[in-house]
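Trainee: I would like to take a close look at a single part of this structure rather than skim the whole of it. Could you walk me through one helix and the partners around it?

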Amino acid sequence: MERSPVKSNKELHVNFETEKVEIHERKKKFLTAKYGTHQMNLIKKRLGVEMWMYDELQFLFNSTDDCEVELDLDELLDIDGDSGRRNWLKEKLINAKQSQDAVKKFIDELMSRAKTL
């Protein structure tokens with residue numbers, strides 16, 4: 001805190017110097033969203049399906065890195081009817097390195113899990 005020299009009683013004032021660091025720290029705060037129990041359970045269920053999908057795709061394509069194919073769960077859910085979804089999945093998985101039985105098993109399981117979302 002710095003005071004200016006006293007000239008008269010009417011001109012007294014205090015000069016507060018705020019450091020820019022303090023202002024910057026205040027701006028860094030983040031807002032965290034809070035979800036209700038039901039919404040949080042839906043998010044966890046969805047995340048579980050997506051993580052399972054990721055692991056299975058790595059297996060189907062014999063890959064430890066990012067897979068050669070990317071399946072968008074929202075895009076799958078937007079397709080009407082099971083047959084349309086199955087055809088879409090078959091097209092996406094046409095270059096899978098595993099057997100067609102493994103691909104069919106993946107599609108069946110994904111269809112089953114997608115119905116729970």
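Mentor: What follows is a close look at helix α5, and at the parts of the chain that meet it.

Please keep in mind from the start that this is a predicted model. The secondary structure of the chain comes to 5 helices and 2 strands, and from the N terminus on these elements run in the order β-β-α-α-α-α-α. Of the 117 residues in the chain, 22% count as buried.

Let us begin with the length of the helix. At 1.5 Å a residue, the 16 residues of α5 should span 22 Å, and this agrees with the model because the end C-alpha atoms of α5 are 23 Å apart. Its buried residues are Ala 102, Val 103, Phe 106, Ile 107, Leu 110, Met 111 and Ala 114, and these pack against α2, α3 and α4.

Of these partners, take α2 next, which covers residues 37-60 and has 24 residues. From its first C-alpha to its last, α2 reaches 34 Å, close to the 34 Å expected. The buried residues of α2 are Val 49, Trp 52, Met 53, Leu 57, Gln 58 and Leu 60, and they pack against α3 and α5. Trp 52 is a good residue to follow here: because its relative accessibility is 15%, and buried means under 20%, Trp 52 counts as buried. Not counting residues up to four places away in sequence, Trp 52 touches Phe 106, Glu 109, Leu 110 and Arg 113. One of these, Arg 113, is 61 residues from Trp 52 in sequence, and the two are 9.9 Å apart in space, C-alpha to C-alpha.

Two of the residues that Trp 52 touches, Glu 109 and Arg 113, also pair with each other, since their side chains meet in a salt bridge of 2.8 Å, N to O. Being 4 residues apart in helix α5, Glu 109 and Arg 113 are separated by about one helical turn. Glu 109, at 32% relative accessibility, counts as partly exposed, and Arg 113 is partly exposed as well, with a relative accessible area of 26%.

Now turn to α4, where the pairs reach from one helix to another. The side chains of Asp 108 and Arg 86 meet in a salt bridge of 2.7 Å, N to O. Asp 108 lies in helix α5 and Arg 86 in helix α4, so this pair ties together parts that are 22 residues apart in sequence. A further salt bridge, at 3.1 Å, N to O, is formed by the side chains of Asp 82 and Lys 115. This pair links distant parts of the chain, with Asp 82 in helix α4 and Lys 115 in helix α5, 33 residues apart. At 32% relative accessibility Asp 82 counts as partly exposed, whereas Lys 115, at 55%, counts as exposed.

Finally, compare these pairs with Arg 85, which is found in helix α4. Arg 85 is buried yet has no salt bridge, and the nearest side chain of opposite charge, that of Asp 82, is 4.5 Å away. A salt bridge calls for a distance within 4 Å, so Arg 85 and Asp 82 do not count as one. Leaving aside its neighbours within four places in sequence, Arg 85 is in contact with Leu 76, Leu 77, Ile 79 and Met 111, and Met 111 is one of the buried residues of α5.

How values were computed: Residues are numbered from 1 along each chain as its sequence is written. This is a predicted model: local features need pLDDT of at least 70, side-chain atom pairs count only at pLDDT 80 or more; totals for chains, interfaces and linings use all residues. Side-chain values use heavy atoms; hydrogens and water are left out. Buried means under 20% relative accessible area, exposed over 50%, partly exposed in between (1.4 Å probe, protein chains only). Lys and Arg count as positive and Asp and Glu as negative; His and the chain ends are not counted. Contact means heavy atoms within 4.5 Å. The expected span of a helix is 1.5 Å times one less than its number of residues.
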